[in-house]
Amino acid sequence: MEDISAPPPVAPQPRLHAAALASVLLGGLLFVSWFWISLALLFTGLSALPALGSGLLLIVPWLLLMQGAVRIERRRAIAVHGISVILPSRRRSRRIGVGGWIHDRWLELGSSAFWRGALHHHVAMFVAGLFFTLFVSLLWLGWSAGDIALRHGPLQVGGIDLSRWMLGIIATTLVLLAALALVLGALADRGLARLLISGSEDDLREQVAELAERRQGAVDAAAQERLRIERDLHDGVQPRLVSLAMTLGMAKLAIRTDPDRAADLVDQAHAESKAVMTDLRQLARGIHPAVLTDRGLDAALSALAARSRIPVELEVELAGSGAPRLDREREAVAYFVVSEALTNVAKHSGASRASVRVSQSPAALQVRIQDDGRGGATVRRDGLSTGLAGLTDRVRATGGRLEVISPAEGGTVLDARLPLLPLAVGQLRDARTDPAARTAHTADATQATQATQATQADAPPPAASPAGPDTQEALR
């Protein structure tokens with residue numbers, strides 16, 4: 001899986017400003033300290049690898065530190081230089097626990113973006129160290145020349161008499177050159193960031209590969225859903241329709257010879273038709289429930305919890321009333337994750353209770369379902385038990401991640417993280433922080449409601465059913 005959280009739009013920054021100059025000074029301080037420590041860890045670890053791999057004790061911590069340093073360098077390039085960095089998609093392991101964490105680190109080490117970032121980290125420190133050394137040297141010389149001019153007066157160097165004014169001019173020139181060195185260091189740091197971490201064709205190819213994987217997840221989820229609908233129709237609705245047709249056929253044959261029996265058969269067919277309608281409603285709810293469209297995710301989850309055969313503790317923390325609703329895809333995925341999880345809990349776990357927690361942050365929608373039943377649940381793709389596999393594919397299609405934690409000693413936790421779209425994140429942030437945006441959103445919704453009511457009032461009344469109240473009574 002991938003972490004595809006898109007970076008926010010980068011505001012343009014001037015080439016030179018205080019933060020860029022301060023970044024050179026900080027890079028110089030890192031050059032005289034961390035730069036040499038990092039190289040010592042790396043080369044000492046590499047040289048110790050032949051000694052039964054003992055060098056891994058130094059290389060592994062160095063790699064972990066570099067992963068953090070690369071992320072910091074990317075954020076620094078965005079914040080300090082205003083560079084639009086193409087953040088490559090981070091490949092995520094589908095495993096859980098410590099093994100999944102180790103696999104995540106390994107996948108990150110296999111990306112070219114990581115090694116370019118590590119190279120940039122060291123080259124940037126080296127270049128900043130050079131300009132920092134030049135800056136400090138020129139500044140010290142200028143300070144010394146100014147001090148001599150003010151405190152000791154004229155100076156003779158190699159037979160050349162330097163007056164106070166000449167020493168002052170030399171001091172000023174050296175200070176200006178020191179400032180120029182700092183400026184050149186900031187421009188060099190910006191150029192290195194553009195060259196090494198602003199993104200490349202490799203990053204774009206990684207993003208294309210991630211989109212292809214997400215598309216495959218959507219295809220797999222659609223295939224699982226199609227198989228489920230086919231199975232429900234074949235095993236549920238179709239036999240009932242066959243039974244209904246046979247009952248009506250027997251009633252047709254007996255209507256003249258045995259009217260009482262024919263009436264009983266018609267009653268049975270009527271009851272069977274209502275049962276078929278109930279099955280079709282359940283099937284339609286499994287495709288996309290109407291309550292989710294009409295009233296939103298909170299109400300739909302409340303309905304699921306109310307229908308559950310075991311007690312469910314539900315906690316939903318979504319955006320406020322002034323913020324926009326989640327998009328249709330993520331609402332549907334969150335709903336089906338909870339629906340399938342509660343179905344599995346009721347059928348297979350033997351749990352006495354379950355809890356559902358859904359929370360929305362500016363970046364993602366988090367869904368967590370937990371029960372106290374039997375453990376051992378796994379994602380299987382053998383064609384026999386496809387519930388969790390279908391949920392995994394649904395979540396993967398949104399760029400998210402589903403973790404199943406189900407130890408053998410009991411208890412199961414499903415943890416799904418659905419990243420929000422960048423536009424939705426921006427709208428959510430605006431709605432939370434800008435009261436005017438909330439007022440405008442509410443006013444637009446009110447106007448849309450009034451327009452809909454006016455249209456319904458002007459529209460002609462619906463035509464009556466040809467069968468009239470008799471058909472309605474029969475449907476009851």
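Throughout this tour, buried means under 20% relative accessible area, exposed means over 50%, and partly exposed lies in between, with a 1.4 Å probe and protein chains only. Keep in mind that you are looking at a predicted model, where local features need pLDDT of at least 70 and side-chain atom pairs count only at pLDDT 80 or more, while totals for chains, interfaces and linings use all residues. Residues are numbered from 1 along each chain as its sequence is written, and side-chain values use heavy atoms, leaving out hydrogens and water.

**The whole chain**

Start with everything in cartoon view. The protein has 15 helices and nine strands; these are DSSP runs numbered from the N terminus, with helices being H or I over at least four residues and strands E over at least two. Of its 476 residues, 36% count as buried. Contact here means heavy atoms within 4.5 Å. Among contacts with a separation of 6 or more, 74% link residues 24 or more positions apart.

**Stop 1: Arg-190 and Asp-189**

Select helix α6, residues 164-196, and find Arg-190 in it. Is Arg-190 buried or exposed? With a relative accessible area of 7%, Arg-190 is buried. Now add His-81: the two are 109 residues apart in sequence, yet their C-alpha atoms lie 6.3 Å apart.

Move to Asp-189, also in helix α6. Asp-189 is buried too, at a relative accessible area of 8%. Leaving aside residues up to four places away in sequence, Asp-189 touches Ser-23, Arg-76, His-81 and Ala-124.

**Stop 2: helix α5 and its partners**

Next, select residues 112-151, which form helix α5 with 40 residues. From first C-alpha to last, α5 reaches 57 Å, close to the 58 Å expected at 1.5 Å a residue; the expected span is 1.5 Å times one less than the number of residues. Just past the helix, pick Gly-153, which has a positive phi near 80°.

Show α5 and α6 together. Their axes are 7 Å apart and they pack at an angle of about 170°. Axes are lines fitted to C-alpha atoms, for helices over the stretch in contact, and angles run from 0 to 180 degrees between N-to-C directions. The two helices are therefore roughly antiparallel: angles over 145 degrees count as roughly antiparallel, under 35 as roughly parallel, 65 to 115 as roughly perpendicular, and the rest as oblique. Their contact residues divide into 29 nonpolar, five polar and three charged. Nonpolar covers Ala, Val, Leu, Ile, Met, Phe, Trp, Tyr, Cys and Pro, charged covers Asp, Glu, Lys and Arg, and the others, Gly among them, are polar.

Now bring in helix α2, residues 34-47, whose axis comes within 10 Å of that of α5 and crosses at roughly 140°. That makes α2 oblique to α5. To see the contact, select Trp-34, Phe-35, Ser-38 and Leu-39 of α2 with His-121, His-122, Met-125 and Phe-126 of α5. These divide into five nonpolar, three polar and no charged residues.

**Stop 3: Leu-52**

Follow the loop between α2 and α3 (56-81) to Leu-52. Leu-52 has a positive phi of about 55°, although it is not a glycine. With a relative accessible area of 87%, Leu-52 is exposed.

**Stop 4: α10 and α11**

Finish with helices α10 (residues 297-307) and α11 (residues 328-349), whose axes come within 10 Å and cross at roughly 10°. That makes α10 roughly parallel to α11. Select the contact residues, including Leu-297, Ala-300 and Arg-307 of α10 and Glu-331, Tyr-335 and Leu-342 of α11. The contact residues divide into eight nonpolar, one polar and two charged.
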